[in-house]
Amino acid sequence: MINVGEQCIHCDKSVAWGSGFYVNRIPADDGERTGFMCGVCVDDAEKLAEECRPELFGFTVIDRDGGEMHSSEPEYLSCKEAKRAGEHSLCDLNGGSLEVWLWDDSLEDVTKTWEV
């Protein structure tokens with residue numbers, strides 16, 4: 001690996017003291033070069049990671065009186081997978097109905113719900 005010193009491994013800007021990019025730099029390597037990432041490139045990388053986050057689904061088993069019996073974690077990568085796991089729980093818990101939902105990490109809340 002090549003050590004590029006006090007420059008950003010992505011944009012090649014100086015991150016040395018007095019450059020204006022010293023404070024927000026972080027140590028980094030990309031497999032070929034080692035050095036730092038400037039704050040601008042760190043922000044860009046975080047935004048890209050946010051856009052690439054997979055959608056996560058979960059399910060809720062509703063009892064026969066309409067109350068919530070059990071809710072899963074948002075751990076399923078597809079609606080179909082969450083529905084299948086929910087149907088197993090519905091049978092095991094002898095519940096009344098099933099809801100499948102889509103989780104939004106940025107809102108920390110459910111964004112869509114489907115009755116199954």
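In this predicted model, the side chain of serine 19 reaches the backbone nitrogen of phenylalanine 21 at 3.1 Å. That side chain has a second partner too: one of its polar atoms lies 3.2 Å from the backbone oxygen of serine 14. Serine 19 sits in the loop between strand 1 and strand 2, and with a relative accessibility of 27% it counts as partly exposed. Its C-alpha atom is separated by 10.0 Å from that of glutamine 7, a residue 12 places away along the chain.

The loop between strand 1 (2-8) and strand 2 (26-29) also holds arginine 25. Here again a side chain meets the backbone: a polar atom of the arginine 25 side chain is 3.4 Å from the backbone oxygen of valine 15. Once residues up to four places away in sequence are set aside, arginine 25 touches Glu6, Val15, Phe36 and Met37. Aspartate 12 belongs to the loop between strand 1 and strand 2 as well. What stands out for aspartate 12 is its backbone, with a positive phi of about 65 degrees even though the residue is not a glycine. Aspartate 12 is partly exposed, because its relative accessibility is 43%.

Next come the cysteines. The structure holds 0 disulfides. Cysteine 11, for one, is in no disulfide, and the nearest cysteine sulfur, belonging to cysteine 8, is 3.7 Å away. A pair of cysteine sulfur atoms has to be within 2.5 Å to count as a disulfide. Cysteine 11 comes out as partly exposed, at 31% relative accessibility. Why is cysteine 79 without a bond? The closest cysteine sulfur, in cysteine 91, is 17 Å from the sulfur of cysteine 79, and that is too far for a bond. With a relative accessible area of 30%, cysteine 79 is partly exposed.

Two serines mark the stretch between strand 5 and helix 2. Serine 72 lies in the loop that runs between strand 5 (68-71) and helix 2 (79-93). Is serine 72 buried or exposed? Its relative accessibility is 10%, so serine 72 counts as buried. Leaving out neighbours within four places in sequence, serine 72 is in contact with Gly58, Phe59 and Trp101. Serine 78, found in the loop between strand 5 and helix 2, is partly exposed, as its relative accessible area is 28%. Along the chain, serine 78 and phenylalanine 57 are 21 residues apart, yet their C-alpha atoms are separated by 6.2 Å.

On the other side of strand 5 there is glycine 67, in the loop between strand 4 (56-62) and strand 5. Glycine 67 is partly exposed, with 28% relative accessibility. If neighbours within four places in sequence are left aside, glycine 67 is in contact with Val61 and Ile62. Glycine 67 can also be placed relative to glycine 96: the two are 29 residues apart in sequence and 9.5 Å apart in space, C-alpha to C-alpha.

Threonine 111 is part of strand 7 (residues 109-115). Not counting residues up to four places away in sequence, threonine 111 touches Leu102 and Asp104. From C-alpha to C-alpha, threonine 111 and tryptophan 101 are 7.4 Å apart in space, with their positions 10 residues apart in sequence. Threonine 111 is partly exposed, since its relative accessibility is 38%.

Threonine 111 also turns up in the lining of the largest pocket, along with Glu50, Arg53, Pro54, Glu55, Leu56, Leu102, Trp103, Asp104, Asp105 and Ser106. How much space lies in the largest pocket? About 160 Å³. Strand 6 (residues 97-104) gives the largest share of this lining, 3 residues. Sorted by class, the lining has 5 charged, 4 nonpolar and 2 polar residues. Leu102 and Asp104, both contacts of threonine 111, are among the residues that line the largest pocket.

Key: Residues numbered from 1 in each chain as written. Predicted model: local features only at pLDDT ≥ 70, side-chain atom pairs only at ≥ 80, totals over all residues. Heavy atoms only, no water. 1 Å grid on protein atoms, 1.4 Å probe; cavity = no way out; pocket = protein on both sides within 12 Å on 5 of 7 lines; lining within 4 Å. Points joined across faces, edges and corners; volume = space filled by probe spheres on them. Helix = DSSP H or I, 4+ residues; strand = E, 2+ residues; numbered from the N terminus. Nonpolar A, V, L, I, M, F, W, Y, C, P; charged D, E, K, R; others polar. Buried < 20%, exposed > 50% of the residue type's maximum accessible area, 1.4 Å probe, protein only. Polar contact = N/O pair within 3.5 Å; in protein donor to acceptor, adjacent residues only side chain to side chain. Contact = heavy atoms within 4.5 Å.
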